[in-house]
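Here is a short tour of one protein model, written for someone new to reading structures. Have the picture open as you go.

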Amino acid sequence: MRKEDRKKVLITLNGNYAAADQGDDRVEMVIPGHLMRKDEQVYLRFDEPAEESGVEPVHTLITYPKTKDSAQVVRTGPIRSRMIFEVGKRSECHYDMGMGVLELSLVTTKLEIREEKEQILLMIHYSLDAGQGQVVDCAIDLTVREKVSVHE
């Protein structure tokens, strides 16, 4: 992919993680990234700050087809995982934080992707299960806007 095919974007990420016995955990961040479109796919690439992982940045790639009926999130670095989201479908996910691999079952409850003139809205809501009942309900909402700065 040519460099000019990539757009610099600013991503507002809001995450909410609710475990039945531990309450809610919220994450909010605004981070730079890149948006690319190629071969009927949309690619959103960004690095989660090092303070989130405690070591080094976590490299995140979110992809979805132009049909907007599924999405995939791949994380590499100190935290490694691959999640596939399709509403109503169960998929397996391996989550590795460097201390062993946690095998999880994932069920997508909501997947909404809206491409508007000035922004892309991506909402992924899902439940994770470790085989002994529900572990956590998760919601990730992203707003992606083209980055405009006089300092670039």
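## How far to trust it

Let's start with pLDDT, which is the predictor's confidence in each residue, from 0 to 100. This is a predicted model, so local features need pLDDT of at least 70 and side-chain atom pairs count only at pLDDT 80 or more, while totals for chains, interfaces and linings use all residues. Residues are numbered from 1 along each chain as its sequence is written, and side-chain values use heavy atoms, with hydrogens and water left out.

The chain averages a pLDDT of 87, and 89% of the residues score at least 70. Helices (H or I, at least four residues) and strands (E, at least two) are DSSP runs, numbered from the N terminus. Among the elements, strand E5 (residues 71-76) has the highest mean pLDDT, 96, and helix H1 (residues 50-53) the lowest, 59. Where pLDDT is low, the predicted coordinates should not be read in detail.

## Strands side by side

Two strands pair if DSSP finds at least two bridges between them. E1 (6-19) and E2 (23-38) do so in the antiparallel sense, over 14 bridges. One of the contacts puts Thr-12 with Val-30 of E2 as its bridge partner. A hairpin with three residues joins E1 to E2.

E2 also pairs with E3, again antiparallel, over six bridges, and Met-36 stands opposite Tyr-43 in E3. Here the hairpin has two residues between the strands, and Asp-39 takes a positive phi near 50°.

## Two rings that meet

Rings of Phe, Tyr and Trp (its six-membered ring) pair if their centres lie within 6.5 Å; planes under 30 degrees apart count as stacked, over 60 as edge-to-face and the rest as tilted. How many aromatic pairs does the rule give? The count is one. Phe-85 and Tyr-126 form it, tilted, at 5.0 Å centre to centre with 55° between the planes. Phe-85 sits in strand E6 (residues 80-85) and Tyr-126 in strand E9, so the pair ties together parts that are 41 residues apart in sequence.

Are these two residues buried or exposed? Buried means under 20% relative accessible area, exposed over 50%, and partly exposed in between (1.4 Å probe, protein chains only). Phe-85 is buried at 1%, and Tyr-126 is buried too, at 4%.

## Holes and hollows

On a 1 Å grid over the protein atoms alone, a cavity is a set of points where a 1.4 Å probe fits but cannot get out; a pocket is an open set with protein on both sides within 12 Å along at least five of seven lines, and lining residues have an atom within 4 Å of a point. Grid points are joined across faces, edges and corners, and a volume is the space filled by probe spheres set on the points. There is one cavity of 30 Å³ or more, holding about 50 Å³. Its lining includes Leu-35, Ile-62 and Val-144. By class, that lining is eight nonpolar, no polar and no charged residues (Ala, Val, Leu, Ile, Met, Phe, Trp, Tyr, Cys and Pro count as nonpolar, Asp, Glu, Lys and Arg as charged, and the others, Gly among them, as polar).

The largest pocket has a volume of about 930 Å³. Of its 34 lining residues, Tyr-17, Arg-75, Tyr-95, Tyr-126 and Cys-138 are closest to the centre. The lining has 24 nonpolar, four polar and six charged residues. The second largest pocket, at about 170 Å³, has four nonpolar, one polar and eight charged residues in its lining. E10 gives the most to that lining, with three residues.
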